[in-house]
Amino acid sequence: TDNSSVRSISEELYKKNKEINDTLLETKELANQLGEEKKKIEIILENIIDVVIYVDDNSKILLVNKAFEREFDLKKEDVLGKELQQILSFDDDIKKLNLSELELLAPNKNQQTKITHPIKISSTKTIYGTVGISVITNEENKKRTIYTIHNKTKEHELENMKLDFVSMAAH
């Protein structure tokens with residue numbers, strides 16, 4: 001009986017060990033799949049031509065993409081953790097806008113993303129663009145905001161040239 005109880009314990013340990021090993025293999029496979037999905041998202045984010053800025057509920061910058069660095073000549077390391085309005089200013093040609101005023105410029109048209117009319121966005125350099133604003137709540141029930149900026153500087157310059165031409169022609 002002593003032998004049979006050792007055998008029974010041994011078999012039970014073998015089964016538990018196999019269960020643990022199978023679980024570890026499944027976990028490893030899921031971790032690999034998650035890593036692949038993360039890489040895909042990073043590739044997409046880094047290659048989007050529009051500026052993407054992700055901020056927390058205190059408007060501190062959590063993430064920016066390469067387009068942000070390119071448009072404003074700023075490095076990620078220099079802006080992460082700083083308040084968005086320390087880095088960028090928004091202006092509708094009448095006055096400087098705070099973030100809540102910016103959101104008011106972007107009427108909700110039954111969509112998650114609100115988009116402003118073209119405004120001036122300044123930092124190390126100034127561009128004109130539309131700002132998309134998406135407010136989301138994360139899994140910890142904290143508000144996060146994604147700002148996307150579509151550069152419309154060329155269109156703005158062409159419009160000004162057209163207005164100048166019409167003004168000169170009228171005189």
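In which helix is the place of Glu157? Select Glu157 and you will land in helix α6. That is one stop on this tour, so let us set up the view.

**Before you start**

You are looking at a predicted model, in which local features need pLDDT of at least 70, side-chain atom pairs count only at pLDDT 80 or more, and totals for chains, interfaces and linings use all residues. Residues are numbered from 1 along each chain as its sequence is written, and side-chain values use heavy atoms, with hydrogens and water left out.

Try coloring by pLDDT, the predictor's confidence in each residue, from 0 to 100. The chain has a mean pLDDT of 88, with 95% of its residues at 70 or more. Among the elements, β2 has the highest mean, 96, and helix α6 (residues 153-170) the lowest, 77. Helices (H or I, at least four residues) and strands (E, at least two) are DSSP runs, numbered from the N terminus.

**Stop 1: Glu157**

Stay with Glu157 for a moment. Glu157 counts as partly exposed because its relative accessibility is 42%; buried means under 20% relative accessible area, exposed over 50%, and partly exposed in between, with a 1.4 Å probe and protein chains only. Now add Tyr128: from C-alpha to C-alpha it is 9.1 Å from Glu157, although the two are 29 residues apart in sequence.

**Stop 2: the first hairpin**

Select residues 51-55 and 61-64. These are strands β1 and β2, which run antiparallel and are joined by three bridges; two strands pair if DSSP finds at least two bridges between them. Look for Val55, which stands opposite Ile61 in β2. Five residues lie between the strands of this hairpin. In that loop sits Ser59, whose phi near 65° is a positive value in a residue other than glycine.

**Stop 3: strands around β7**

Next, show β6 (119-122), β7 (126-137) and β8 (143-151). Start from strand β3 (residues 89-91), which runs antiparallel to β6 and is joined to it by three bridges. Ser89 has Ser122 as its bridge partner in β6, and Ser122 in turn has Thr126 as its bridge partner in β7. Four bridges join β6 to β7, again antiparallel, and this hairpin has three residues between its strands.

On to β7 and β8, which pair in the antiparallel sense over nine bridges. Gly132 stands opposite Thr148 in β8. Five residues lie between the strands of this hairpin, where Asn141 takes a positive phi near 65°.

Strand β5 joins β7 too, through three bridges in an antiparallel arrangement. Lys114 has Ile133 as its bridge partner in β7. Select Ile115, in strand β5 (residues 113-115), together with Thr130: their C-alpha atoms are separated by 6.5 Å, with their positions 15 residues apart along the chain.

**Stop 4: the nonpolar core**

Which residues touch the most other members of the largest nonpolar core? Select Ile53, Phe68, Leu88 and Phe90 to see them, out of 24 residues in this core. Elements that each supply at least two of its residues include β1, β2, α2 (66-72) and α5 (99-105). A nonpolar core is a set of buried Ala, Val, Leu, Ile, Met, Phe, Trp, Tyr and Cys residues joined through side-chain atoms within 4.5 Å.

Center on Phe90. Not counting residues up to four places away in sequence, its contacts (heavy atoms within 4.5 Å) include Leu84, Leu97, Leu102, Ile121 and Val131.

**Stop 5: Arg144**

Is Arg144 buried or exposed? This residue of strand β8 counts as buried because its relative accessibility is 12%. Among the residues Arg144 touches, leaving out those up to four places away in sequence, are Tyr54, Asp56, Asp57, Leu62 and Ser134.

**Stop 6: the largest pocket**

Finish by selecting Leu45, Ile48, Val52, Tyr54, Leu63, Ile146 and Thr148, which line the largest pocket. The elements giving two or more residues to this lining are β1 and β8. The pocket holds about 170 Å³ of space. On a 1 Å grid over the protein atoms alone, a pocket is an open set of points where a 1.4 Å probe fits, with protein on both sides within 12 Å along at least five of seven lines; lining residues have an atom within 4 Å of a point. Grid points are joined across faces, edges and corners, and the volume is the space filled by probe spheres set on the points.
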